[in-house]
Amino acid sequence: MSSIKVFSLVSLCIILLAHGVTSFEYGEALTKSLLFYEGQRSGKLPSNQRVQWRGDSALKDGIDAGVDLVGGYYDAGDHVKFGFPFAFTITMLSWSTIEFQAQLEAKNELSNALDAIKWGTDYLIKAHPEPNVLYGQVGDGESDHSCWQRPEDMTSPRTTFKIDEEHPGSDLAAETAAAFAAASIAFKPSNPKYASQLIEHAKQLFDFARNHQGVYQSSIPQAGNFYSSSGFEDELLWAAAWLHRATDEKTYLDFLGGSSNSGGTRTVFSWDDKYVGAQVLVSKLVLEGKVEYSGIWSQYKSQAEQFICSCLQKGNSNVKKSPGGLLWFLPFNNLQYTTSATFIATAYSEYLTGKKALIQCPGGIVQPDELITLAKSQVDYILGSNPQKMSYMVGFGSNYPKQLHHRGASIVSIEKNPEPVTCKGGFDLYFNKNEPNPNVLDGAVVGGPDDNDGFTDSRSNFQQAETAIANIAPLVGVLARIA
């Protein structure tokens with residue numbers, strides 16, 4: 001081989017290393033991110049189930065209330081179905097699919113993305129049996145967390161909890177409305193009948209949320225210790241924005257325009273705080289000339305862009321970055337905030353590009369491609385380009401968390417050993433063993449490192465080494481865009 005060819009190969013390797021993870025690897029991460037949701041499934045598993053170490057579970061959910069609540073997703077490394085983050089997960093899976101449908105299709109992942117959404121919406125339809133009744137939780141966090149069992153062996157109570165006219169939950173109802181509305185857009189091209197059904201549920205729940213106001217943990221106090229809501233005004237705006245996008249009906253636009261609070265500049269976008277999401281959806285309307293750039297409409301756009309500027313380190317109050325370059329928001333399960341912020345940057349880049357627009361940050365002008373550069377830097381960090389050389393996506397690469405805090409993954413598969421694992425027996429048999437999990441939950445993104453890039457791979461380290469369904473949904477869209 002000539003010296004020129006050798007030099008060219010070396011140069012190519014240096015270029016690839018400088019740009020982090022290659023596009024082939026992003027595609028693999030995308031595949032695994034959707035596979036993750038099959039590992040979190042509750043209920044009767046379908047014949048095309050790809051995660052083979054899982055079995056049927058919680059087949060009597062809802063029986064105490066005389067309602068079929070079988071199905072849906074377990075929240076994290078536990079077996080509770082928490083409706084509030086569950087619905088946000090479905091909204092974000094849908095948003096990922098709507099914005100990056102063509103890219104998902106090109107990677108042969110669109111059907112898997114729609115399956116992941118539908119597994120959630122099919123459950124949410126069951127959970128909404130009447131216009132003003134919504135089942136918001138199955139299982140009790142305290143009793144569930146005192147056991148370490150496979151979902152297939154569960155012996156902890158599967159108590160159901162609901163909101164209704166006398167016991168409202170505007171945040172829970174509106175977030176579920178947002179999920180239904182966003183999912184309806186995702187399904188409209190391939191399944192218009194199902195999309196229409198979803199819209200009806202969305203409209204009913206939005207009206208329920210508006211007409212019977214209150215935070216949901218007042219009605220479902222069992223959720224308060226785990227997913228307490230800080231307020232419901234953001235969910236109402238978020239739901240209105242999605243219903244407007246799904247229906248183009250003026251009533252939802254009027255609700256957004258008539259609000260006295262567009263949220264201000266936020267510090268996170270999460271299962272609890274949807275203001276940034278609503279601000280970005282309204283900004284899209286401003287960029288498209290569907291609303292005037294004045295009054296409250298300009299506030300929504302300005303506040304969305306201030307959040308993005310702070311992520312880019314070009315704002316007035318920037319998001320903290322770890323020494324290794326990770327956007328770092330909060331100590332407990334930080335990566336959920338990183339993935340959601342990364343999605344916001346990615347989606348906004350698309351909106352700007354479509355209108356040949358840019359952002360004027362306090363720290364200078366920002367072009368759309370800078371937002372993609374930011375997104376790639378965060379994805380690369382998560383996938384292994386970090387001081388620990390650790391992939392924080394389980395099953396991706398060779399050095400990833402081997403002791404994921406996850407009951408199903410940490411206990412031998414029921415397919416290999418059907419002998420039941422007892423509530424307390426699982427702690428000695430599996431939880432306390434300093435060994436890798438027997439099952440790999442592909443695509444699970446853990447809580448991640450601390451603000452100094454430190455990480456401890458230990459099953460007892462639930463702050464850093466546990467996953468949750470809301471962590472991965474925003475990443476689906478980002479990975480589809482950059483793969």
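## A buried histidine in a loop

H406 is buried, with a relative accessible area of 5%, in this predicted model. The residue belongs to the loop between helix 15 (368–382) and helix 16 (407–410), and its side chain is joined to that of Q40 by a polar contact of 2.7 Å. Leaving aside residues up to four places away in sequence, H406 touches Q40, W53, A76, G77, W148, L441 and T467, so that Q40 appears both as the polar partner and in the list of contacts.

The loop between helix 15 and helix 16 also holds S398, and here the setting is the opposite one, because S398 has a relative accessibility of 67% and counts as exposed, whereas H406 is buried. S398 and G384 are separated by 14 residues in sequence, and their C-alpha atoms lie 9.8 Å apart in space.

## The three-stranded sheet

Three strands form an open sheet in the order 1-2-3, with antiparallel pairing. Strand 1 and strand 3 (160–163) stand at the edges and have a single partner strand each, which means that one side of each is left without a neighbour in the sheet. Strand 2 (residues 134–138) is joined to strand 3 by four bridges, among them the one that pairs L134 with I163 and the one that pairs Y135 with K162. Two bridges join strand 1 to strand 2, again in an antiparallel arrangement, and one of the pairings is that of K81 with V138 in strand 2.

How much of strand 2 is covered? Five of its five residues are buried, so the strand is described as mostly covered.

## K81, a buried lysine at the sheet

K81 lies in strand 1 and is buried, with a relative accessible area of 1%. Which polar partners does the side chain of K81 have? One is the side chain of D61, joined to that of K81 by a polar contact of 2.8 Å, and another is the backbone oxygen of G71, which lies 2.7 Å from a polar atom of the K81 side chain.

The surroundings of K81, not counting residues up to four places away in sequence, consist of contacts with S42, D61, L69, V70, G71, Y73, Y74, Y123, G136, Q137, V138 and R158. D61 and G71, the polar partners, are both included in this list, as is V138, the bridge partner of K81 in strand 2.

## Helix 5

Helix 5 (residues 110–126) has 17 residues, and the distance from its first C-alpha to its last is 24 Å, close to the 24 Å expected at 1.5 Å a residue. Because 12 of its 17 residues are buried, helix 5 is largely enclosed by the rest of the structure. The buried residues are L110, N112, A113, L114, A116, I117, W119, G120, T121, Y123, L124 and I125; of these, Y123 also appears among the residues that K81 touches.

## Aromatic pairs and charges over rings

A search of the whole structure finds 29 aromatic pairs. One of them is formed by F82 and F226, whose rings are tilted, with 5.5 Å centre to centre and 35 degrees between the planes. This pair links distant parts of the chain, since F82 is in strand 1 (residues 81–82) and F226 is in helix 9 (residues 221–227), 144 residues apart. The two partners differ in exposure: F82, at 3% relative accessibility, counts as buried, whereas F226, at 24%, counts as partly exposed.

W95 and F269 form an edge-to-face pair, because their planes stand at 85 degrees, with the ring centres 6.5 Å apart. Here too distant parts of the chain are linked, with W95 in helix 3 (residues 83–99) and F269 in the loop between helix 11 (250–257) and helix 12 (275–287), 174 residues apart. W95 is buried, with a relative accessible area of 0%, and F269 is buried as well, at 1%. Both belong to a cluster in which ring pairs link F88, W95, F100, W238, W242, F269 and F343.

Two lysines are placed over tyrosine rings: K118 lies over the face of Y194, at 4.8 Å from the ring centre, and K402 lies over the face of Y400, at 4.1 Å from the ring centre.

How values were computed: Residues numbered from 1 in each chain as written. Predicted model: local features only at pLDDT ≥ 70, side-chain atom pairs only at ≥ 80, totals over all residues. Heavy atoms only, no water. Phe/Tyr/Trp six-rings, centres within 6.5 Å; stacked < 30°, edge-to-face > 60°. Buried < 20%, exposed > 50% of the residue type's maximum accessible area, 1.4 Å probe, protein only. Lys NZ or Arg CZ within 6 Å of the ring centre and 35° of its normal. Expected span 1.5 Å × (residues − 1). Polar contact = N/O pair within 3.5 Å; in protein donor to acceptor, adjacent residues only side chain to side chain. Contact = heavy atoms within 4.5 Å. Pairing = 2+ DSSP bridges.
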